[in-house]
Amino acid sequence: MLPYAELKTHSCYSLLRATDTPKDLVRRGVDVGLQAIALTDDTAVYGVIPFIQAAKKAGIQPIIGSEMNIEGGYRLPLLVETETGWQNLCYLISVARHRAKKGYATLPISELETHTQGLIALSGYRQGEIGHAIRQKRYEDALNIAKRYLHWFGQGNFWIELQNHLIPREQTFIRNLTLLADYLKIGYVATNNVHYATPDKQPLQDIMTCIRHTTTIEASRRLRLPNDQYYLKSPQEMFRLFADIPDAITNTVAIADRCQFDLHYGLQDLPLYPTQDQQSAHDHLRYLCESALGSQTRPDMPKAILLMQHELRVIEQSGLSNYFLIVADIVRFARENGILCQGRGSAANSLVSFLLKVSPVDPLSHNLVFERFLSEERVSVPDIDIDFQANRREEVIQYVYRKYGAAHTAMAATFITYKRRLAIRDVGKALGIPQNLLDGAALASDRDEMIPVTSPQMAQLANLCEQIRDLPRHLGIHNGGMVITGTPLYQRLPTEPATMQDRVVVQWDKDMLETAGIVKIDLLGLRMLSAIGEAITLVGQKTGTPPALSQLSFDDPNLFQMMAKGDTIGVFQVESRAQAQTLPRLKPQLYNDLIVSISLIRPGPVQGNMVHPYLRRRAGVEMVSYPHPVLESALEETLGIILFQEQVIKVARDLAGFTAGQGELLRRALGGKRPDKDVEKLRETFMEGTGQKDVPVEIAEQVFESLKSFGGYSFPKSHAAAFALLVYQSAWLKHYWPAQLGAALLNNQPMGFWTPAVIANDLRRHGIPIKRVDVHQSAGNCRVEDNAVRIGFRYVTGMGDKAIAKIEAAQRNGAFRDLADFCKRVKLPRRITENLIAVGAFDEWGIDRRKLILELGQIGNYDGGFGLIFPESEVRLAPLSQVERLMLETDIMGLTTGEHIMSFYLDWMRKRRMLGSQAINMQSDGNFVRVAGATVMHQAPPTAKGFHFITLEDKDGMINVIVRPSVYKQFKQVLRHAPLLWVKGKLQREGDVTNVLCEQAGNLPALTL
């Protein structure tokens, strides 16, 4: 094997500069026989973690680096030799990013001089400062620049970079550089400045260049690389290119041998949480937990004490005591400031989390397993996700920034990747394709159809869109993942500005952070918590005392009866069509039933065929059985079916004698990315354990295969238990305070499964009137008036905070006398005032909306416009019809305060013997029926094997329609796009659940205005 290491490689994480993932580059490196590869993305280390993982797996040495953009527009590749070099690289990247606008980087040359230790620098060839001087024939300047870099980095740490891409005058340029190197006794080294793995990727790299510069292929010749030679070449190819200076090749290996630095994974140094009397973090954590447990009265106190002591011991061994204190402090701040919050995920398996009020779930009450969260066998970064009221989460984030400082706190990044529509837009513009053709391609993409190939250019578009798909386009900010460090962040990894003001992001996403062992605390916004918080406030305004939802007992039969009817629109996690059809069969009676329901309707259980067997056993149709009697304890709560992740741990424990920690290792392997390879390693241990317990081999094999089948799909019970709390609380509000919850739900959109229009219709069905927007009565948000919900100004298109503030300020100065008075005092843009008129905001004056819009045209100058004067006697306008009002309200607000649209089709349906949502409930199973309604939901889950599920609505309720793949193909256009549908099909009834199996479908006729 010829010795060569590629020291300058760009991956797709050089955003819109290079085409291939780190994994693809490593795979190519293996194919061509490289010893080492340096990843030198553009002033970034975005791709370092996947690069290191791929390289180690492939047996290629990974070298960490970055090509810096320094002031003056020059490039300077830096390679990491030592840990100090890594820290300096992180610092330099951070400075370069923060000194430029988002998405760009410029490193001040003054910062470089004092941050070179542990780094090896290359000169940058043509794009470097030396190369630039030589290209301008400023040879003396080039010499002085080289001396400066040599002084900064030191002998042996600064190298002259050479490239040979077979372009004109390349050899002359190389000769000038080697002469300079020889004169200063600086070594030289060859690179290929790789931007794609193979030559066939050059067209995509050209397109990326055009996208980056917002130009087209035709206009970008000077911006693009000159040919297709910037690919990852083999040692043989590089030796041929530099046959007259072989040292340039062998020196690459000498440099690679020095760059042995590896990122040391492990828990980073969190800030030390201040404790009383200089207690250690663990002593203080123990004190808090013991105090909290001692204040409780519980029958299982001995068991709780033992569990707490066990958890504290594991937490101490894992070095996580300080981490728990930091998380608990964040939760404390939220609770003290009235911000609803709760932890979820595997943290709910921990009694310590419960005692610190991080999790609302008592793990002993729900028979949870701590090792699902943390274990002695698996010391890793814990998973604590905390949901906060979405509308107040920023207060929590700013508290963290204030407490720990901007230098120690940042958000995790996300990478915005190319999906179909975005790829069509960006690639199409770069190719210069007309917008109308791009719109057609985007529409086809929305319909899951292929891009129409009507010309060679459109074929090129389709090909390039497929190549660019899933590649990163730009850096985003994680919804709530925060990284907090004791030492400044730039010593650990680089940071850069986020789009959001006063926000900073690290250069890794959540998966990269987890791999690197860097703790991320997820401070997530949950709109349902915002809705519950607002509903509590609204109830308090009516009663004088906000309800204490945390003190609810979980035994209210009214709530379970409501959910058993599928009456769950607006109820957290159980409002979907699938849940509404499952709950009547499940017939929940206990809190644990809610946990089961949440866990059942998930892709995993559906795909694992767990749902129907469980429901049949629940109904007594199928006998409950267990593979082995010893498993009854683990599977009793789910009727012998593995539903929860925690049950995998229990099954391994009870049948094979696994410790809880070993069981968690098995569970993680089942759900891992390499299940076959990882699981088989544990099979032998499992079988040995079952043998020692005298379990028959055939039963042991059967159970293990069941774990393989279901364990990877199972859902964490701890997560469901935390969410079930919000299910119960939102159900309580829906049953006892529907107007308050309804107003809060409308104010916190988008959220949940249903649109605001469906929520408003559901309120009406429950006897809660929906009042129109009114310039005197409405506020920005929806509010409750005499057990009715008044729609707020925010639902009117165009109404932002400034416009709302103007109206509310004017309201305080008295009622509006007429439209002219409103326009004079509020001074809104004419279009917004038109929208207010159209939705009935001035109806209390008794003047028809159409006439008011005409009057608005006669009012001039209040917004800089000119009035149009029409003598009233010459203009005769018919009042808006009910249908016109409905159409305008729906178009402007997305909902209507008047009749449901299907109310206008009652005669049409009656003549055709079509049924509504109430009438089909009186039909027998197997009857053929015709139904009609407004399409409010259309789903085609990946687990449904081509079946589509459509929900129609009328004023009385919902109609659920199931469409077989063959029928969907026949009526695809109407089923996909018609807002109002009629369906003919066979009625399927199972208990209280009714569906229509579609055989034919069509549009409803347009209404006469």
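A charge is said to sit over a ring if NZ of Lys or CZ of Arg is within 6 Å of the ring centre and within 35 degrees of the ring normal. Arg 126 meets this description, for it lies over the face of Phe 173, at 4.6 Å from the ring centre. Arg 148 likewise lies over the face of Tyr 149, at 5.5 Å from the ring centre.

This is a predicted model, in which local features need pLDDT of at least 70 and side-chain atom pairs count only at pLDDT 80 or more, while totals for chains, interfaces and linings use all residues. Residues are numbered from 1 along each chain as its sequence is written, and side-chain values use heavy atoms, with hydrogens and water left out.

## Aromatic pairs

Rings of Phe, Tyr and Trp (its six-membered ring) pair if their centres lie within 6.5 Å; planes under 30 degrees apart count as stacked, over 60 as edge-to-face and the rest as tilted. The structure holds 25 aromatic pairs. The rings of Tyr 149 and Trp 152 have centres 5.7 Å apart and planes at 85°, so this pair is edge-to-face. Both residues belong to helix α6 (residues 139-153), where they are three residues apart, about one turn of the helix. Helices (H or I, at least four residues) and strands (E, at least two) are DSSP runs, numbered from the N terminus.

Tyr 149 and Trp 152 are both buried, a term that means under 20% relative accessible area, with exposed meaning over 50% and partly exposed in between (1.4 Å probe, protein chains only). Ring pairs also link Tyr 149, Trp 152, Phe 153 and Phe 158 into a cluster. Elsewhere, Phe 816 and Phe 822 form an edge-to-face pair, 5.0 Å centre to centre with 80° between the planes. Phe 816 and Phe 822 are buried as well.

## Salt bridges

A salt bridge is a side-chain nitrogen of Lys or Arg within 4 Å of a carboxyl oxygen of Asp or Glu. A search of the whole structure finds 55 salt bridges. The table lists some of them.

| Acidic residue | Basic residue | N to O distance |
|---|---|---|
| Glu 81 | Arg 258 | 3.2 Å |
| Asp 387 | Arg 344 | 2.5 Å |
| Glu 953 | Arg 765 | 3.4 Å |

The salt bridge of Arg 258 and Glu 81 links distant parts of the chain: Arg 258 is in helix α10 (residues 247-258), and Glu 81 is in the loop between β4 (74-80) and α3 (83-98), 177 residues apart. Arg 258 counts as partly exposed because its relative accessibility is 29%.

Asp 387 lies in strand β9 (residues 385-389) and Arg 344 in strand β8 (residues 341-344), so their salt bridge ties together parts that are 43 residues apart in sequence. Asp 387 and Arg 344 are both buried.

In the salt bridge of Glu 953 and Arg 765, Glu 953 comes from strand β19 and Arg 765 from helix α33, 188 residues apart. Glu 953 counts as buried at 2% relative accessibility, whereas Arg 765 counts as partly exposed at 25%. A further group, made up of Lys 8, Arg 17, Asp 42, Glu 67, Arg 75 and Glu 161, is joined into one network by salt bridges that share partners.

## Strands and the barrel

Two strands pair if DSSP finds at least two bridges between them. Strand β9, which holds Asp 387, runs parallel to β14 and is joined to β14 by five bridges. In this pairing Asp 385 stands opposite Asp 522 in β14. Strand β11 (residues 472-484) pairs with β14 in the antiparallel sense over three bridges, and Val 483 stands opposite Lys 520 in β14. Six of the seven residues of strand β14 (residues 520-526) are buried, so β14 is largely enclosed by the rest of the structure.

Five strands close into a barrel in the order β18-β19-β20-β22-β21, with mixed pairing. The twist averages 55° from one strand to the next; axes are lines fitted to C-alpha atoms, for helices over the stretch in contact, and angles run from 0 to 180 degrees between N-to-C directions. Seven bridges join β18 (residues 928-939) to β21 (residues 980-990), and these strands run antiparallel. Phe 928 has Lys 986 as its bridge partner in β21.

Helix α22 (residues 577-586) packs on the sheet, touching β18, β19 (948-954), β20 (957-963), β21 and β22 (993-1003), where contact means heavy atoms within 4.5 Å. The direction of α22 makes about 145° with that of β22. Helix α33 (residues 756-765) lies across β18, β19 and β20, running at about 50° to β19. The salt bridge of Glu 953 and Arg 765 connects β19 with this helix.
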